[in-house]
Amino acid sequence: MPKSVYQAVFPYPADAVYHAMADLSCWQWRSDLAGLEILENGNAFMEISKNGSRTHFTITEKQIGSRYAFEMEGEWFTGQWLGEFSAVPGGTRVVFTEKIRMKRWPLRLIAPLCLPLKKMQKTYAIDLMIHLSEHAREFAARRQMNSPKAPELMLAAPSEAHEAQVMAYRQEFAQNGETLHGGARLEELADYASWLQSIRQNASEETVPPNLVLATTLLCLRKEDGKMVGIIDIRHRLNDYLLKFGGNIGYSVRKSERRKGYAKAMLALGLEECRKLGLERVLITCDKENIASAKTILSCGGVLENEIPEEGRITQRYWIAL
């Protein structure tokens, strides 16, 4: 079975590249196609090439910004196609893997001539690059319009009235054996009063300790019932450590409230706070193994600059322009 692997780097977030590829209603950027028919409510499609040949595709996997795959069948062949997305410095790498099998064994001897996979993959990548460069803003607006309504959240400065909520939040992380990111040492200090005093000191230029930077710590509350679903720490500037590992924003969502879109919504609110501070871009980091966090950052416009290894782990550094 002939197989071809080709990779290309696109200077755009992974979800933008994915949606450009997966939007079956917009195929005219493909220089090799004369038409495309959407079938089975979007679960399959038919490509019509410039020479009139027709190839049927059945989508087998759709993971936004991660994987896109389908089975394909033409008059003389069957095969599989897979696109795998990963963040790299400056954008997104897509690895295209294509396998075909000729239906009649005599054609298998001349398969590379009948279906020059590498050449076809290069043409596809070039067409996609041009399409993205011409319509990047349009894609972003369309994704925003079609995305589900963001959860109704609000950010609030911690006060004495939030003690029970905040301490319950801390306890949930401790019980699950998780690190509490964005808590400004919430898990370290002895009691709520000590923590509240600490974050208030950090929020003032006159009282912030010399080894720390000015920072604003906010609770993320669900509007409908006021429940605390997350916490976020916004650092107004970066020191050496934050520039390498910590970034401008640290945040977390409690385990019992995950997979509801809160992380993305909370990060969006945090970025708005950064704009109010006059920041032009912010650095956000995450562990390379934390795929969910990386997807959240990418969905908010993060672009990976590099990866830094330290003590058996790898920290990914993303910049978001405001």
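Which element gives the largest share of the lining of the second largest pocket? That share, 6 residues, comes from helix H4, which spans 117-146. The model here is a predicted one, in which local features need pLDDT of at least 70 and side-chain atom pairs count only at pLDDT 80 or more, while totals for chains, interfaces and linings use all residues. Residues are numbered from 1 along each chain as its sequence is written, and side-chain values use heavy atoms, with hydrogens and water left out.

Back to the pocket. Rolling a probe the size of a water molecule over the atoms shows where empty space is left. A pocket is an open set of points on a 1 Å grid over the protein atoms alone, where a 1.4 Å probe fits, with protein on both sides within 12 Å along at least five of seven lines; lining residues have an atom within 4 Å of a point. The second largest one holds about 970 Å³ of space, a volume being the space filled by probe spheres set on the points. Its lining counts 43 residues, and Arg30, Asp32, Glu47, Thr55 and Met120 lie nearest its centre. By type, the lining splits into 27 nonpolar, 7 polar and 9 charged residues (nonpolar: Ala, Val, Leu, Ile, Met, Phe, Trp, Tyr, Cys and Pro; charged: Asp, Glu, Lys and Arg; polar: the others, Gly among them). Among the elements that supply at least two lining residues are helix H1 (14-22) and strand S6 (77-88); helices (H or I, at least four residues) and strands (E, at least two) are DSSP runs numbered from the N terminus.

Next comes the largest nonpolar core, a set of buried Ala, Val, Leu, Ile, Met, Phe, Trp, Tyr and Cys residues joined through side-chain atoms within 4.5 Å. This core has 32 residues, and Phe10, Val17, Met21, Phe45, Tyr68, Phe96 and Leu128 touch the most other members. H1 gives the largest share of the core, 6 residues.

Val88 sits in strand S6 and counts as buried because its relative accessibility is 8%, the cut-off for buried being under 20% with a 1.4 Å probe and protein chains only. Val88 and Val303 are 215 residues apart along the chain, yet their C-alpha atoms are separated by 8.0 Å.

Finally, there is an open sheet of 3 antiparallel strands in the order S12-S14-S13. Its edge strands are S12 (281-287) and S13 (303-310). S12 and S14 (residues 313-321) pair over 7 bridges (pairing takes at least two DSSP bridges), and Thr285 stands opposite Arg317 in S14.

Key
Buried means under 20% relative accessible area, exposed over 50%, partly exposed in between (1.4 Å probe, protein chains only).
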